[in-house]
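Work through the following exercises with the sequence and the coordinates at hand, and try each task before reading its solution.

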Amino acid sequence: MGVLVARRLFISTVTLLMSSFLVFVLVVNSGDPLANLRNDTSPERDTKIARRIAILHLDEPVPQRYLKWLRGVTGCVVPGRDCDLGTTVNDQSVTALVSEALGATLRLVTAALVLAIVLGVAAGLVSALRQYSGFDHTVSFTAFLFFSLPLFWVAVLLKQYLAIGANNWFAEPRIGLASALAVAAVTGGAAGALVGGDRRRRWLARVTAGGLTATILVQLSREDWFRRPALGQAGIAVLSLGSALGIAYLSAGLGRRAVLVSCLATATEGCLAQVVVTPWLQDPLWASWTNVLLLLLVALLAAAVTGVALGAQDRGTAVRASMVTAAATGAFILIDILLRAVPGYAALVNGRIIATIGSQTPEFAGGFWEQQLDILAHLLLPTLAVTLVTFASYSRYSRGTMLEAMSQDYVRTARSKGLPERVVVVRHALRNALIPLTTVAAMDVGALLGGAVITEHVFGWRGMGTLFLGGLLQVDPNPVMGFFLVTVVAVIALNLVADLAYALLDPRIRL
Amino acid sequence: MTLDVPGVAEDGARPEVRVLRGPDGAEAGADQGLTVVARTQRQLVARRFLRHRAAMAALATLGCAVVLAFSSIGVLGLPGWWGQSYATTASLADGGRMTLDLLPAAVDGNGFAIGEHPFGQDDIGRDYFALTMRGAQRSLTIALLVGVLSTLLGVAVGACAGYLGGPVDNVLMRGTDLIIGVPALLVAAVLGRYCGGGAIGLAGLLSLVVWPQLARLVRAEFLSLREKEFVEAARAMGARPGRIIVRHLLPNTAGTIIVNATLTVSAAILLETALSFVGLGVQSPDTSLGKLINDYQEAFQVRPWLFWWPGVFIVLIALCVNFVGDGLRDALDPKQNKVRA
């Protein structure tokens, strides 16, 4: 394996060197970097031009300029030297610009990738299990539609219509009966497709889910919940106990009492802890991600102990399921805290909650949780746009692999030896169907970074994409090369990781 | 009821339909209402494609869109049936609002009407229908050109690499790695600076970005096909590599190539519009659907139709091409024997 990694790294480095030289030459020759200075009428024109020539080393041949850039870049890898990605035409350090812009772009790409994978795989899984059903056809058509949507168009659409509509709605947040029923119809339809089985069972699921949705929405609207949203202790309790039930079912089935009890106990512990933790985290003195992480570790530890104590003979499964439950409960507590910060945030931004410009409000004055909300509010629409466009390929792909897995002999064997359908689907089919997704996801990161260029342009982020586009339009090679370097290194590294992960996940593959 | 029996897949496909007959000369199974018809591979594919409802609907829609785009304002100097030009400015009628009305009289009291400016006018009074059609023409031309050029390039490289193997394969594949490792939009954006804003030049440059995918697929198929007996037989009879590639290997790869070419067209239309949108693709005075959206981005609040129409056309074209590609994939899949009704 070591030999393989070394070989791959060597080949990748050579490819990277060649392609970076190619891109460098292309960018340098794509126009006149002095164009905007030539029309300058001010008396300092000549000094300005001379300065820019000095900054970009325009008086040197292109290969020499490339080597200069490369020397700076090697500093990022070789210890003891400074990482230097060159300077822009305006004499700013690209290294500083990149490190500043990288955070926003990574946030966008990661959020979109995770959301697209989770939603896409879920949709693909269900439509494969209910092949040729109404749900399957709907998902297929939606996937085709999303696949054909131009990202920039969706982004502008969300920015110009959804954002403004949502913000206007937040000014007077009420849900009428008609809209509640419309939402209920959608959830009901989804529930019916999810449940499957005979007609009676499906209608029961539809009516229950739809009715529940409509009731909750109308009730929330009546209590003016949308103005000061929070899950509250009751909400957290219901959600975490419900997810404990779901996690226990998916991991071991409800028949194995020890796992179920341990999950429920973990959720209860979480709900009890919430009473102490929430005020603690809301205190500006304590609110920070370090403390959140610390608490998560404590929660996982407590869950593991609970699993060991109550797991009986199913100790391993109980510990794992309890830890997942603890993470879910923690997430609900976090969501609750964030929701409680909404009214304060809304007051700070004059009620326009959904932001459409930038990656955060400049010179924002709110506390820690308001700041997190600010980042989330700015992240929401760009992420939604990228997710919509990427969702399609994951749902199609996972549907395909899942259908193939379900027709395999080992699935028939699993069924015929009497395993419950849940185990067959989750343990035997899904696990194997997901393996190829590692490769697809790794390849997709490049496309997502390309998508980030478009989204950042639409939403006016100061991210990597803006750096790239601005550099390209000004014939400024260094920012373009900075973006190129980060993108290609990320793609190469992720592909390597995906291949190694593939070998770990699929024992048939030997490295 | 009719059963499809895959016929013998020979090179020169036999067009006639053979009906299997029983000893008494009657069609086998006819007494049970069952006719067994032998069909060649090509007929099977054509049948499966023609019966793919979504693909046929998409093909028809796409055909209408193409005819509309090219016939309405004319092409290559030929006049079109739409009276107005995309370049002439005029005074704004009714604030440039759309005059298109598709709702019947019973709903809103106006009835079906096309009017003077069905898609409205832009801020300097140009007819937006003509502008959109001009943009659609350019975007379609670019997408089709990219489809053809990149397919030719991809097939040529993939075929050479796959059939010849050895050092040729190595060099060609490292070349494709070079391009495939970098996100397409990035290379396309850099290359886009060189086209000078013209549509044809942009098409040529975009093809340089999208071909490696197909080259890899073709190479993979060739690697397995060249070990087959029929290739060995052809070689034993003294066929040169060129003949083996063109006569024996390419027809067997046709499925992959056709499907991929279709999907390339839809990818190209999205890539081109995205580039034109950020200002790196088609430049004034030429226009494209992406550039139209970019040009009128600021006008959406007051004139939303300037945003909707180019977008609708992009989605329509890309969606139809994708559906056709899906239909072709289903039709060409040899494992597929179920005809979707």
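The exercises below concern helix geometry, helix packing and the contact between chains.

This is a predicted model, in which local features need pLDDT of at least 70 and side-chain atom pairs count only at pLDDT 80 or more, while totals for chains, interfaces and linings use all residues. Residues are numbered from 1 along each chain as its sequence is written, and chains are lettered from A and ligands numbered from 1 in the order in which they are written.

**Exercise 1. Compare the end-to-end reach of H11(A) and of H17(A) with the expected spans, and locate a bend in each helix.**

Solution. Helices (H or I, at least four residues) are DSSP runs numbered from the N terminus, and the expected span is 1.5 Å times one less than the number of residues. Helix H11 of chain A, residues 257-282, has 26 residues and reaches 37 Å between its first and last C-alpha, close to the 38 Å expected. The bend at a residue is the angle between axes fitted to the seven residues ending there and the seven starting there; for H11(A) a bend of about 45° is found at A:Gln274. Helix H17 of chain A, residues 421-459, has 39 residues, yet its end C-alpha atoms are only 46 Å apart, short of the 57 Å of a straight helix. H17(A) bends by about 40° at A:Leu430, and just after this helix A:Gly460 takes a positive phi of about 60°.

**Exercise 2. Describe how H1(A) packs on H19(A).**

Solution. Axes are lines fitted to C-alpha atoms, for helices over the stretch in contact, and angles run from 0 to 180 degrees between N-to-C directions. The axes of H1(A), residues 2-28, and H19(A), residues 477-505, come within 10 Å and cross at roughly 155°. The two helices H1(A) and H19(A) are therefore roughly antiparallel (angles over 145 degrees). Contact residues (C-beta atoms, placed from the backbone, within 7 Å) include A:Leu16 and A:Phe24 of H1(A) and A:Phe484 and A:Ile492 of H19(A). By class, this contact of H1(A) with H19(A) has 14 nonpolar, three polar and one charged residues, where Ala, Val, Leu, Ile, Met, Phe, Trp, Tyr, Cys and Pro count as nonpolar, Asp, Glu, Lys and Arg as charged, and the others, Gly among them, as polar.

**Exercise 3. Which residues join H16(A) to H17(A), and at what angle do these helices pack?**

Solution. H16(A), residues 409-416, packs on H17(A) at about 150°, with the axes 10 Å apart, which makes H16(A) roughly antiparallel to H17(A). From H16(A) come A:Tyr410, A:Val411, A:Ala414 and A:Arg415, and from H17(A) come A:Val424, A:His428 and A:Ala429. The contact of H16(A) with H17(A) holds five nonpolar, one polar and one charged residues.

**Exercise 4. Identify the elements of chain B that form its side of the contact with chain A.**

Solution. In the contact between the chains, 31 residues of chain B meet 33 residues of chain A. On the side of chain B, H5 (166-180), H6 (184-192), H9 (241-277) and H11 (305-332) each supply at least two residues, and the largest share, eight residues, comes from H11(B). That side of chain B divides into 23 nonpolar, six polar and two charged residues.

Key:
Contact = placed C-beta atoms within 7 Å. Parallel < 35°, antiparallel > 145°, perpendicular 65-115°, else oblique.
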